[in-house]
Amino acid sequence: MDDTTALGIFEALRSLEEIDRNIAGITAQLEALSPELFESERRMAELEVRAEAVAKRAERAESRLRKSERATKAGRETLKRLQQRGQEVQNLKQHTAVRAETDAARRNLEAAEDEQLQGMQEVEEAKAELSVLKGQLTEERAAYERLKSETSARRAELESEILVERDRRANRELRLDVDALRLYESVRGGKTRQVLAALTPDGVCGHCYTFIPKQRQAEIRSRSRLHLCEGCGIILLPVE
Ligand SMILES: [Zn+2]
């Protein structure tokens, strides 16, 4: 091949590699969109589980509270009845009996009142915690929806960018020497790896620093032939 063609080939290869790098970069951005959404979904599920547990706790505390409220009410009635009876006692024996019953009723009432107080506190705490969790859940849901619409817009944008790059690539392929293209594709191996490297002024591969024989160096510099590095298999280009 003559010099003009070779010059064209080197440039075309550089441009092909640039396009492939662009495609790889956009693909990586596309792949990075899903983990964020997944992460938000995971946080949402976790908050839902916690909120449900706290709601159950609030429910249980509420029912204990109702029970202790009933016990307190009953205790107060019992005490009132005993106090009335205390005013109607006829003798010391009756007085002592009513007194003992009153003491016991008072202790029961105190216990029920304590429990009621504790129940009120538990209900209050559970409700406060639940309201915080619900707030967080609302925020996370909004963030998820935002992320979802953002990512779908961004996804469409990136996908169209890839289409543009693929179109550019197809164009370059058509104008590139068939053997050069085949060589490029075989070095690339279908993967996104570096395909081209410069031959440095001191005659080594710019990628793996393997020394390139003088004859080959001359051919690369004069752009008369394409050569692969024996060390890493990359296509060597002359320094511009
Ligand atoms: Zn090399």
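1. Y209 and its loop. Y209 sits in the loop that runs between strand 1 and helix 4 (214–221). This is a predicted model, and the backbone at Y209 deserves a look. The phi of Y209 is positive, about 65 degrees, although Y209 is not a glycine. Y209 counts as partly exposed, because 13 other C-beta atoms lie within 10 Å and the buried class begins at 20.

2. A second positive phi. R223 is not a glycine either, yet its phi is positive, about 60 degrees. R223 belongs to the loop between helix 4 and strand 2. Is R223 buried or partly exposed? R223 has 19 other C-beta atoms within 10 Å, so it is partly exposed; the cut-off for buried is 20 or more.

3. Overall architecture. The protein contains 4 helices and 3 strands. Along the sequence the order is α-α-α-β-α-β-β. The three leading elements of that pattern are helices.

4. Overall dimensions. The protein is far from a compact globule. For 240 residues, such a globule would have a radius of gyration near 18 Å, whereas the protein has 42 Å. Along the principal axes, the C-alpha atoms fill a box of roughly 135 × 35 × 25 Å. Of the 240 residues, 13% are buried.

5. Helix 2. How does the span of helix 2 (residues 92–175) compare with the expected one? The helix has 84 residues, which should span 124 Å at 1.5 Å a residue. Its end C-alpha atoms are 122 Å apart, so the two values agree. Buried positions in helix 2 are A105, A112, Q116, V123, A126, L158 and E165. That list includes Q116 and E165 alongside alanines, valine and leucine.

6. Contacts along the sequence. Take the contacts in the protein with a separation of 6 or more. Of these, 73% join residues 24 or more positions apart. A51, a residue of helix 1, gives a local example. Leaving out residues up to four places away in sequence, A51 touches L130, L133, K134 and L137. In the other direction, A51 and R14 are separated by 37 residues in sequence and by 57 Å in space, C-alpha to C-alpha. A51 has 18 C-beta neighbours inside 10 Å, so it counts as partly exposed.

7. The sheet. The 3 strands make an open sheet in the order 1-3-2, with mixed pairing. Strand 1 (196–198) and strand 2 (227–228) are the edge strands; each has a single partner, so one side of each lacks a neighbour in the sheet. Strand 1 and strand 3 (residues 235–237) run parallel and are joined by 3 bridges. Within this pairing, L196 stands opposite I235 of strand 3. Strands of a sheet pair through backbone hydrogen bonds, either parallel or antiparallel.

8. The largest nonpolar core. This core has 17 residues. Which residues have the most contacts inside it? They are L13, Y184, I234, I235 and L236. Helix 1 (3–87), helix 3 (178–188) and strand 3 each contribute at least two residues. Helix 1 gives the most, with 4 residues.

9. I235 as a meeting point. I235 appears both in the strand pairing, opposite L196, and among the core residues with the most contacts. Setting aside neighbours within four places in sequence, I235 is in contact with L13, L183, Y184, V187, V195, L196, L226 and L228.

10. The second core. A separate core of 5 residues includes A61, L65, V123 and A126. Two of these names, V123 and A126, also appear among the buried residues of helix 2. In soluble globular proteins, nonpolar side chains tend to be buried together.

Notes. Residues are numbered from 1 along each chain as its sequence is written. This is a predicted model: local features need pLDDT of at least 70, side-chain atom pairs count only at pLDDT 80 or more; totals for chains, interfaces and linings use all residues. The radius of gyration is taken over C-alpha atoms; the globule rule is 2.2 Å times the number of residues to the power 0.38. A residue is buried if 20 or more other C-beta atoms lie within 10 Å of its own, exposed if 12 or fewer, and partly exposed in between; C-beta atoms are placed from the backbone. Two residues are in contact if their C-beta atoms, placed from the backbone, lie within 7 Å. Two strands pair if DSSP finds at least two bridges between them. A nonpolar core is a set of buried Ala, Val, Leu, Ile, Met, Phe, Trp, Tyr and Cys residues joined through C-beta atoms within 7 Å. The expected span of a helix is 1.5 Å times one less than its number of residues.
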